[in-house]
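Please find below some comments on the model, set out as numbered points. They begin with confidence and then turn to the fold and to individual residues.

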Amino acid sequence: DAFNGTTSFYLAEPKDPLALTIANVFPGMLHPLSEMPADLRQHVRYPEDIFDLQSRVFATYHMTNPLVFYNKEDQWQVPALESVRNATPMRPYYTVMRLPGEKRTEFIQMLPFTPRLKDNLSAWMVARSDGANYGRLVVFQFPKQKIVYGPKQIVGLISQDQVISPQITLWNQQGSQVIWGTLLVIPINESLLYVRPLYLRSSEGRIPELKRVIVAYHSQTSARVEPSGRIVMAETMNHALGQIFGPAVTAGLSPDRLESSATSVIKTTDEPALTAPETTPEPTLAQLVEEAIAHRDRGEKAHRDGNLALYAEEMRKVGEVLEKMKTIKK
C-alpha cells in the first residue's frame with residue numbers, strides 16, 4: 001500500500017513447494033490469489049524473469065524421448081537478432097493477442113524458439129496472465145517439414161532491403177541515432193507477421209521518437225519471404241499493413257481482427273507447459289522411406305548396445321511406416 005506501507009502477499013500457485021515452506025514458517029502471511037482486490041488483479045502479469053528462465057530450460061527438456069534428448073536432436077534455442085559479434089538473445093515480450101482456439105484477446109508474454117545452430121522458427125512459447133489462466137504455459141510448435149523464417153532471418157532481410165537500408169543509414173548520419181524496438185512475431189492463419197518499430201533519438205535529445213513501423217509478411221504456404229512487396233516500412237502500423245494487404249483489408253483494424261488463429265498449422269493444449277501436437281501434410285513416399293531407414297538404424301544401434309526394449313520399439317515403428325507406405329498412391 002503506497003499510503004501506509006502495508007505489504008500483502010498473494011499465492012498464485014498453492015502447490016509450489018517453496019511457497020508452502022514459506023507459508024509454514026510464516027503462518028497467515030500468504031493469502032490466496034482469489035482474495036486480491038479486483039482492481040489489482042486486473043494488472044497482475046506473469047513475471048518476465050521467471051518466464052525467461054522457464055523458456056530456456058524448456059528449450060532442452062521439451063524432448064521427452066530419451067534417445068532424442070541424449071543426442072540433442074531437437075534442441076531449441078532463443079534466437080539472437082543481430083550479427084555474431086553483437087548477438088543478443090531475444091527477451092520475452094508482453095503483447096495482447098488471441099491465441100489459437102480462444103474466443104477473446106488476452107494479455108500474454110511470448111518468446112520464439114529456433115533449432116540449435118539454425119535461424120528458422122521452430123516454436124513459440126506463451127505465458128498467460130488473464131483470469132483463471134494466470135501462470136499457464138503453452139507451446140506452439142511449427143511443422144518441421146516447412147521452413148518458417150526466424151527473427152534473425154527477418155532482420156537480415158530488412159537490412160538488405162533496397163528501400164529501408166539506405167534510409168536507416170541516412171538517419172544514422174544526420175545527427176540522430178536509430179533505435180530498434182522489439183521484434184514481434186504474430187501468427188495469423190497459415191502465415192506469420194513480423195512487426196518491428198523504429199525509433200529516432202537526436203544527439204541532443206533523450207526521448208526517442210517513433211519514426212517508422214516495419215512489417216514483414218511470410219506465408220507458410222511459400223518457401224520464402226518475398227522481398228518485393230512483403231517487407232514494408234511506413235509511418236504507422238495500419239499504413240504498413242495497407243501496403244501489404246491493401247487498404248480494404250486493414251480498414252477498421254483492431255486486436256480482435258488481427259488475431260492469432262493459426263489452428264490449421266499449429267494446435268494448442270489445455271495442459272500447461274506441453275508442446276502442442278503438429279498438424280502436418282501427408283508424407284510422400286520418399287519421406288516415409290527415409291523415416292523407415294532412420295528407425296531401422298536406431299533399432300540396430302540399440303540392438304548392438306543391448307537395449308532390447310528400444311530395439312523392439314524401433315522395429316515396431318518400422319512396421320508402422322511400412323503400413324503407411326502401402327497407402328501411398330503411386
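1. In this predicted model, residues 222-229 form a stretch over which pLDDT stays under 50, and the model has 14 contacts beyond four places in sequence for that stretch. A second such stretch covers residues 254-280, again with pLDDT under 50, and here the model has 73 contacts beyond four places in sequence. Contacts that involve these two stretches should be read together with those confidence values.

2. For the chain as a whole, the mean pLDDT is 79, and 80% of the residues reach 70 or more. Among the elements, the lowest mean pLDDT, 41, belongs to strand 13 (residues 274-275), whereas the highest, 94, belongs to helix 1 (residues 17-25).

3. As to overall make-up, the chain contains 11 helices and 13 strands, and of its 330 residues 37% are buried. When contacts between residues at least 6 apart in sequence are considered, 52% of them join residues at least 24 apart.

4. The largest nonpolar core comprises 62 residues, and those with the most contacts inside it are Met 110, Trp 124, Leu 193, Tyr 194 and Val 215. Strand 10 (residues 191-202) supplies the largest share of this core, namely 6 residues. In soluble globular proteins, nonpolar side chains tend to be buried together. Met 110 shows the connections in some detail: leaving aside neighbours within four places in sequence, Met 110 is in contact with residues including Phe 51, Tyr 93, Met 97, Trp 124, Val 126 and Val 185, and also with Pro 92 and Pro 187.

5. Thr 114 lies in strand 5, and it counts as buried because its relative accessibility is 1%, which is under the 20% limit. Its side chain reaches the backbone oxygen of Lys 118 at 3.3 Å. Beyond four places in sequence, the contacts of Thr 114 include Gln 75, Trp 76, Gln 77 and Pro 79, as well as Asp 119, Asn 120, Leu 121, Ser 122 and Pro 151.

6. Which charged residue is buried yet has no salt bridge? Arg 41 is such a residue, and the nearest side chain of opposite charge, that of Asp 130, is 6.7 Å away, whereas a salt bridge would need a side-chain nitrogen within 4 Å of a carboxyl oxygen. Arg 41 is found in helix 2 (residues 38-41), and its side chain does reach the backbone oxygen of Gly 131, at 2.8 Å. Residues up to four places away in sequence not being counted, Arg 41 touches Leu 33, Met 36, Ser 129, Gly 131 and Tyr 134.

7. Another arginine, Arg 98, is placed in the loop between strand 4 (93-97) and strand 5 (106-115). Its side chain has two backbone oxygens to note: that of Glu 102, reached at 3.4 Å, and that of Lys 103, which lies 3.3 Å from a polar atom of the Arg 98 side chain. Arg 98 and Ile 188 are 90 residues apart in sequence, while their C-alpha atoms are 10.0 Å apart in space.

8. Asn 172 belongs to helix 6 (residues 164-172) and is partly exposed, with a relative accessible area of 41%. A polar atom of its side chain lies 3.0 Å from the backbone nitrogen of Val 178, and, neighbours within four places in sequence left aside, Asn 172 is in contact with Gln 177 and Val 178. Between Asn 172 and Leu 200, which are 28 residues apart in sequence, the C-alpha to C-alpha distance is 8.8 Å.

9. Two residues other than glycine deserve a look for their backbone angles. Lys 72 has a positive phi, near 50°; it sits in the loop between helix 4 (66-71) and strand 3 (76-77) and is partly exposed, with a relative accessible area of 37%. Leu 117 also has a positive phi, of about 65°, although it is not a glycine. Is Leu 117 buried or exposed? Leu 117, which lies in the loop between strand 5 and strand 6 (123-128), counts as exposed because its relative accessibility is 72%, a value over the 50% limit.

Conventions: Residues are numbered from 1 along each chain as its sequence is written. Side-chain values use heavy atoms; hydrogens and water are left out. Helices (H or I, at least four residues) and strands (E, at least two) are DSSP runs, numbered from the N terminus. A polar contact is a pair of N or O atoms within 3.5 Å; within protein, one must be able to donate a hydrogen and the other to accept it, and residues adjacent in sequence count only if both atoms are side-chain atoms. Buried means under 20% relative accessible area, exposed over 50%, partly exposed in between (1.4 Å probe, protein chains only). Contact means heavy atoms within 4.5 Å. A nonpolar core is a set of buried Ala, Val, Leu, Ile, Met, Phe, Trp, Tyr and Cys residues joined through side-chain atoms within 4.5 Å. Lys and Arg count as positive and Asp and Glu as negative; His and the chain ends are not counted. pLDDT is the predictor's confidence in each residue, from 0 to 100.
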